[in-house]
Amino acid sequence: MNIELVPSAKLDEAKGLVSQGGTNIHLGISVLLHAKADYAAGGQEGGVNCANALSAALKQLQDDPYLSLGLADKAEAATEAEIKKSYRKLALKHHPDKNQNKTGILFTAVQNGYSLLSDPEKRTLTDNRRKRAKDKLERVRKQKEDEAKKKQAQSRRGAPPTGAKPMGATNSFRMPPQNNDEAEYRAFNKRFYEDFKKKTKQGRGMPPRS
């Protein structure tokens with residue numbers, strides 16, 4: 001398990017920033033990187049592990065190049081000029097030379113995002129991948145929504161869920177009924193079958209119509 005200690009207050013601050021999304025994710029990561037370096041240099045004790053929070057935040061930027069450049073709200077609609085402008089702004093702000101060499105991993109994430117979006121071919125591949133991911137999420141959402149509606153409708157009708165057996169029901173009429181409802185159901189079926197046989201026999205014995 002990776003251990004990267006920071007003061008608990010810094011971890012809370014970073015989590016708050018990351019939860020806001022957008023370029024606040026970059027700020028949250030920067031807070032953790034600075035705090036981690038300062039904590040290690042200062043020989044402090046009693047810190048909390050920020051490894052999971054830092055990895056999760058960085059993964060968001062790595063998975064979405066538009067987010068890594070602060071353009072998640074525009075995404076595919078972002079122009080080349082907007083991509084270049086946003087990259088320059090973030091690269092300057094989080095360049096290691098501007099941050100005592102503490103933000104190298106964040107700067108790399110921004111660079112990687114720009115390398116994907118500044119190349120037309122790579123950007124097309126990225127956009128197609130994003131579209132497939134969105135379509136998949138939408139299919140899953142729709143499926144869950146349909147299943148919830150179906151269960152709700154069955155609940156209103158009092159019917160058991162699809163594939164479920166009635167409580168106490170048996171698979172064979174050779175076994176004794178397990179409750180009164182099943183006994184009445186069997187009796188009804190028996191009467192219906194006997195009436196059907198009588199009507200069938202009577203129908204066979206009737207003379208043909210002239």
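Contact here means heavy atoms within 4.5 Å. The model shown in these views is predicted.

**View 1. His-26 is a buried residue of helix α2.** His-26 lies in helix α2. Its relative accessibility is 0%, so His-26 counts as buried. Leaving aside residues up to four places away in sequence, His-26 touches Leu-61, Leu-67, Ser-68, Leu-69 and Gly-70. Leu-90, His-94, Leu-106 and Val-110 are also touched by His-26.

**View 2. His-34 is a buried histidine in helix α2.** Helix α2 also holds His-34. Buried means under 20% relative accessible area. His-34 has 19% relative accessibility, so His-34 counts as buried. Its contacts, not counting residues up to four places away in sequence, are Asn-99, Gln-100, Lys-102 and Thr-103.

**View 3. The loop between α5 and α6 holds Gln-100 and Asn-101, each with a positive phi.** Gln-100 is found in this loop, and so is Asn-101. Phi of Gln-100 is near 50°, a positive value in a residue other than glycine. Asn-101 is not a glycine either, yet its phi is positive at about 60°. Gln-100 is exposed, with a relative accessible area of 55%. Asn-101 has 61% relative accessibility and counts as exposed. Gln-100 is also one of the residues that His-34 touches.

**View 4. Helix α6 has its buried residues on one face.** Helix α6 covers residues 104-117. At 1.5 Å a residue, its 14 residues should span 20 Å. The end C-alpha atoms are 20 Å apart, which agrees. Leu-106, Phe-107, Ala-109, Val-110, Gly-113 and Leu-117 are buried in α6. Seen down the helix axis, the buried residues fall within an arc of 155°, so they line one face of α6. They pack against α2 (24-42), α3 (51-63) and α4 (65-68), among others. Helices α5 (80-93) and α7 (120-157) are also packed against by these buried residues. Two of the buried residues of α6, Leu-106 and Val-110, are touched by His-26.

**View 5. Tyr-87 and Tyr-114 form a stacked aromatic pair.** The count of aromatic pairs comes to one. The ring centres of Tyr-87 and Tyr-114 are 4.1 Å apart and the planes are at 10°, so the pair is stacked. Tyr-87 lies in helix α5 and Tyr-114 in helix α6, so the pair ties together parts that are 27 residues apart in sequence. Tyr-87 counts as buried, at 17% relative accessibility. Tyr-114 has 21% relative accessibility and counts as partly exposed.

**View 6. The largest nonpolar core has 19 residues.** The members that touch the most other members are Val-6, Ile-25, Ile-29, Leu-32, Leu-54 and Leu-61. Helices α1 (8-19), α2, α3 and α6 each supply at least two residues of this core. The largest share, six residues, comes from α2. Not counting residues up to four places away in sequence, Val-6 touches Leu-11, Leu-32, Ala-35 and Lys-36. Tyr-39, Gly-47, Val-48 and Cys-50 are further contacts of Val-6.

**View 7. A second core is separate from the largest one.** This second core has 12 residues. Among them are Ala-78, Ile-83, Ala-91 and Val-110. Val-110 is also a buried residue of α6.

Key. Residues numbered from 1 in each chain as written. Predicted model: local features only at pLDDT ≥ 70, side-chain atom pairs only at ≥ 80, totals over all residues. Heavy atoms only, no water. Helix = DSSP H or I, 4+ residues; strand = E, 2+ residues; numbered from the N terminus. Expected span 1.5 Å × (residues − 1). Buried < 20%, exposed > 50% of the residue type's maximum accessible area, 1.4 Å probe, protein only. Arc of directions from axis to C-beta. Core = buried A, V, L, I, M, F, W, Y, C linked by side-chain atoms within 4.5 Å. Phe/Tyr/Trp six-rings, centres within 6.5 Å; stacked < 30°, edge-to-face > 60°.
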